Amino acid sequence: MKISANSLCPCGSSKKYKKCCKIFHNGSKPKTALELMKSRYCAYVIGDAKYIIKTTHPENIEYTKDTQTWASSIKEFSQNSEFLGLSILDFKEDINVSFVTFNALIKQNAQDASFIEKSRFEKIDGMWLYHSGQIS
Ligand SMILES: [Zn+2]
């Protein structure tokens with residue numbers, strides 16, 4: 001889905017995209033795992049596979065050096081999904097490991113594909129990365 005810089009950010013912040021997640025998509029480092037999580041959700045909405053790949057921990061199960069195949073599967077997920085919103089249910093922050101529990105409202109093929117996930121984030125060289133997720 002294409003969104004303009006002046007649209008409301010899909011992450012649910014009530015800020016304009018250009019003043020919210022776009023800053024991170026353009027290269028700034030999120031200060032917290034929560035900011036990273038929201039900016040990754042937003043990257044799925046707009047199909048920014050590069051950002052998803054860049055912010056995935058090397059220990060993640062989907063991590064592969066074959067970034068071309070990886071990017072196409074991210075784009076496919078993005079194109080086949082209708083993103084209806086994000087709510088943050090819990091955020092536990094520590095220095096190098098943080099957890100965010102969220103509810104992503106998603107529709108695929110006109111069917112509800114929403115899920116609740118507890119994501120684990122780890123900080124490497126000052127950059128928060130998505131490590132893994134547990135879907136409940
Ligand atoms: Zn945002």
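**Long-range contacts, a zinc site and two nonpolar cores**

Among the contacts in the protein chain with a separation of 6 or more, 41% join residues 24 or more positions apart. The structure described here is a predicted model. Along the protein chain there are four helices and five strands, and from the N terminus on these elements run in the order α-α-α-α-β-β-β-β-β.

The overall dimensions make a good place to begin. A compact globule with 136 residues would have a radius of gyration near 14 Å, and the protein chain, at 14 Å, agrees with that expectation. Taken along the principal axes, the C-alpha atoms fill a box of roughly 40 × 30 × 30 Å. Of the 136 residues, 38% are buried. The protein chain exposes about 8000 Å², and carbon and sulfur atoms supply 50% of this area.

Next comes the zinc ion. Its protein donors are the SG atoms of Cys9, Cys11, Cys20 and Cys21, which lie 2.2 to 2.3 Å from the ion. The arrangement is tetrahedral, because the four donor atoms subtend angles of 103 to 115 degrees around the zinc ion. For comparison, the ideal angle for four tetrahedral donors is 109.5 degrees. Along the chain, the donors follow the spacing C-x1-C-x8-C-C. Within this set, the pair Cys11 and Cys21 links distant parts of the chain: Cys11 belongs to the segment before helix H1 (21–25), whereas Cys21 sits in helix H1, 10 residues apart from Cys11. Buried means under 20% relative accessible area. Cys11 has a value of 3% and is therefore buried; Cys21, with 1%, is buried as well.

The interior of the model can be followed through its nonpolar cores. The largest of them has 26 residues, and those with the most contacts inside it are Leu36, Met37, Tyr41, Ile74 and Phe121. At least two residues of this core come from each of helix H2 (33–46), helix H3 (49–54), helix H4 (67–79), strand S1 (81–93), strand S2 (97–108) and strand S5 (127–135). Helix H2 gives the most, with seven residues. Leu36 offers a closer view of the surroundings: neighbours within four places in sequence aside, Leu36 is in contact with Pro30, Tyr51, Thr55, Phe121, Met127, Trp128, Leu129 and Tyr130. Apart from the largest core lies another, of six residues, among them Cys11, Tyr17, Cys21 and Cys42. Two of these residues, Cys11 and Cys21, are also donors of the zinc ion.

Note on methods. Residues are numbered from 1 along each chain as its sequence is written. This is a predicted model: local features need pLDDT of at least 70, side-chain atom pairs count only at pLDDT 80 or more; totals for chains, interfaces and linings use all residues. Side-chain values use heavy atoms; hydrogens and water are left out. Donors are N, O and S atoms within 2.8 Å of the metal (3.2 Å for Na, K and Ca); water is not among the atoms, so sites may look incomplete. Four donors count as tetrahedral if all angles lie between 85 and 135 degrees; four count as square planar and six as octahedral if opposite donors are over 155 degrees apart and all others between 65 and 115; anything else is irregular. Buried means under 20% relative accessible area, exposed over 50%, partly exposed in between (1.4 Å probe, protein chains only). A nonpolar core is a set of buried Ala, Val, Leu, Ile, Met, Phe, Trp, Tyr and Cys residues joined through side-chain atoms within 4.5 Å. Contact means heavy atoms within 4.5 Å. The radius of gyration is taken over C-alpha atoms; the globule rule is 2.2 Å times the number of residues to the power 0.38. Accessible areas come from the Shrake-Rupley method with a 1.4 Å probe; for residues, only the protein chains shown count as cover.
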